[in-house]
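Thanks for passing this one along. I have put my thoughts into a few numbered points, so please have the model open while you read.

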Amino acid sequence: MSDPDWTPPISAGSRLEGFAELASTYAGRELSASDAAGYDELWRWSVDDLDGFWRAVAEHLGHRLPGPALAVERMPGAVWFPESRVNYTAAVFADRPADEVAVLGVSEDPDATTALTWAELHDRVAGLAATYRRLGIGEGDRVVGYLPNSPDAVVALLAAASIGAIWSVCGMDYAASAALARFQQLEPKLLVHATSYGHGGRTHDRRDVVDELRAGLPSLAATLETGSTAWDAALAVEAELEPVGVAFDHPLWVLFSSGTTGKPKGIVHGHGGAMLEQAKVASLHYDLGPGERLFWYTTPSWMMWNFVVGGLLVGASIVAYDGSPAYPRTDQLWALAAEHGVTALGMSPAYVAACQKARVGPAAHDLSRLRRVGISGSTFPAVSHRALQAELGPDVQICSISGGTDVVSAFVGSVPTVPVWAGELSRPCLGVALDAYDAAGRSVHGEVGELVVTRPMPSMPVMFWDDPDGERYRSAYFDTYPGVWRHGDWITLTDHGSVVIHGRSDATLNRKGIRMGSADIYEPVEALPEVKEALVIGVEEPDGGYWMPLFVVLAEGVELDAALDRRIREAIKVHASPRHVPDEIFAVPGVPHTRTGKKLEVPVKKVLAGQDLTGALDPGSVDAPELLDHYAEIALRRRARP
Ligand SMILES: CC(=O)CC(=O)O
């Protein structure tokens, strides 16, 4: 067994260990989570006895949910807590200290920080909910937000949820066309919007986009502009907050798949599922609760924003940051974490790499309150992970998670009492019946397989929007292995119980029948100082051949000469395998990503295979769609070769 890169303290004194004691009363035997073996037993029970586990989670979180937890087990269509009435907003405000800070609003301007106490947050939500009602918004109506990551966005969501309305939001970097591609599907009654957002030292005026949204959404009965006199008046309405009790699966929000090509899919989560699942991860995997502060760099368009709001469900305070992670300095996130006493800070592997290349990072800041650094968005290379751990020291745990929009949570992640191995995720999360399957649906260990979930999770979508017969929902997850959720990631379950994520399985590399994860190639290549970023694609050719080019974005002033080409190949050979060495290496000006930072492997693959994506790519969902032209040109030149 390989040595871990972080080991838990002898006595973690975590919320997880308290939960294990409670779980013992449900299991009828002693469970403990004080070490890896104890966690593994607790996890096994949590997926064998889903009903007992989720009732224990509800009790741990202080919710009284009557009746069975899992009344009907099937996927899709599991029936959870049919006898319970719940409300996400009610759960947020359960027994909170009135005068302590609940939400910090932070921007690039250090003098503009605002703080909302629990009492202020409560009163604003109550006032806004009363205003929504006055505007004729009721249960099931859609309220959409075009907003920066700000406390107002949190208030707007909680007010909508409190009255049983359905929430959806786009960050203000979305173009009008991208926001409309999502909102028009929902036929919203109310638009809550700001007029600008801040990023990279600039205020981006978005009034023209707001005008386009208004014009493109004929279903709107009203709009509310944050920061306006009407907004202030709406928040100031004196009203009781009376969250309506709704069915456990009553739609809470609609999140959208990244939607790089085709119509973005509207993924609908229910109040109860989102509330239990997010609070479970926050409390048991991130050890968050009262006295803790959660800050994850995200925009409201990404599920990590919902995940951060979920911190409120366990009484943690949260940071809403409208700004760039790297302005005015590359280490801006570390600086903010120090300034605001953050105890759990989340970021992407790309941000960690950018700091490491710029030789800045946590060491220069007083992060004495920091206990966990969360990583999400893409696979985290071991080299970068180890370097970050060395900078953070043994008191801070690096907590990579992997899950997605689909479950608005994580399938795999870290555990306060389980070691961490660099480049790996320590364990499947509690209540997630995770496995790796081969093509025939057999469970595989120690080799690459499809990430599957074999039993229901309460936060699986209650439906896709506008999918009355459930066909799109079923085909998104259940076509490959009927009755089993196939997520679309390649993973390996290791012999020490951890999980390695290799990347998306629809963009997988499959050379001569051997599957490889792109992450295994990115890791050594992106560790080279000459390379800023890499993209590898496998293309099946009409003659049965397989072409595997590697694209590299080079550091300032570096050229791709024969020596660098050789060094890249050598790095891949040594750190992955000779099989992973690409057929050709090309220097490109950039790699296109989704707005949530994921490399556009599948669309680039299509372009290289000769497909014309003009018009098919949603420009609002991609950071630099024009980059695809370079890839199209390379493909064209290759086809023209004799
Ligand atoms: C938790 C996650 O997996 C977030 C994401 O990358 O979408």
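The points below take the ligand site, then a pocket, a cavity and the salt bridges.

1. A word on the source before anything else: this is a predicted model, and the distances and volumes in my note are computed from it.

2. Let's start with the ligand. Its surroundings are made up of W302, M303, M304, G377, I401, S402, G403, G404 and K598. In terms of residue class, that shell splits into four nonpolar, four polar and one charged. Two elements, α11 (303–309) and β20 (402–404), each bring at least two residues to the shell, and β20 is the biggest contributor with three residues.

3. Three polar contacts may interest you if you plan to look at the ligand's oxygen atoms. A polar side-chain atom of K598 sits 2.6 Å from an oxygen atom of the ligand. For G403 a backbone N or O atom is involved, at 2.8 Å from a ligand oxygen, while W302 places a polar side-chain atom 3.2 Å from an oxygen atom of the ligand. As for burial, the ligand on its own has 240 Å² of accessible area, and the protein covers 94% of this.

4. Next, the second largest pocket, which holds about 550 Å³ of space. Its lining counts 27 residues, and those nearest the centre are S107, P148, S150, P151 and D322. The lining consists of 10 nonpolar, 11 polar and six charged residues. Strands β4 (101–107), β5 (114–117), β9 (196–199), β10 (202–205) and β16 (317–322), together with helix α6 (151–162), each give at least two residues to this lining.

5. How many cavities of 30 Å³ or more does a search of the whole structure find? The search returns one, with a volume of about 50 Å³. Around this cavity are N149, V154, W296, T298, W305, V308, V309, I318, V319 and A320. Both α11 and β16 supply two or more residues to its lining. By class, the cavity lining has eight nonpolar and two polar residues, with no charged ones.

6. It is worth pausing on two elements that come up twice. Helix α11 contributes to the ligand shell and also to the cavity lining. Strand β16 contributes to the lining of the second largest pocket and to that of the cavity.

7. Finally, the salt bridges, of which there are 23. One of them pairs R427 with D40, with their closest N and O atoms 2.7 Å apart. This pair joins distant parts of the chain: R427 belongs to strand β22 (residues 427–428) and D40 to helix α2 (residues 36–48), with their positions 387 residues apart.

Conventions:
Residues numbered from 1 in each chain as written. Predicted model: local features only at pLDDT ≥ 70, side-chain atom pairs only at ≥ 80, totals over all residues. Heavy atoms only, no water. 1 Å grid on protein atoms, 1.4 Å probe; cavity = no way out; pocket = protein on both sides within 12 Å on 5 of 7 lines; lining within 4 Å. Points joined across faces, edges and corners; volume = space filled by probe spheres on them. Helix = DSSP H or I, 4+ residues; strand = E, 2+ residues; numbered from the N terminus. Nonpolar A, V, L, I, M, F, W, Y, C, P; charged D, E, K, R; others polar. Near = heavy atom within 4 Å. Polar contact = N/O pair within 3.5 Å; in protein donor to acceptor, adjacent residues only side chain to side chain. Areas by Shrake-Rupley, 256 points an atom, 1.4 Å probe, with all protein chains shown as cover. Salt bridge = Lys/Arg side-chain N within 4 Å of Asp/Glu carboxyl O.
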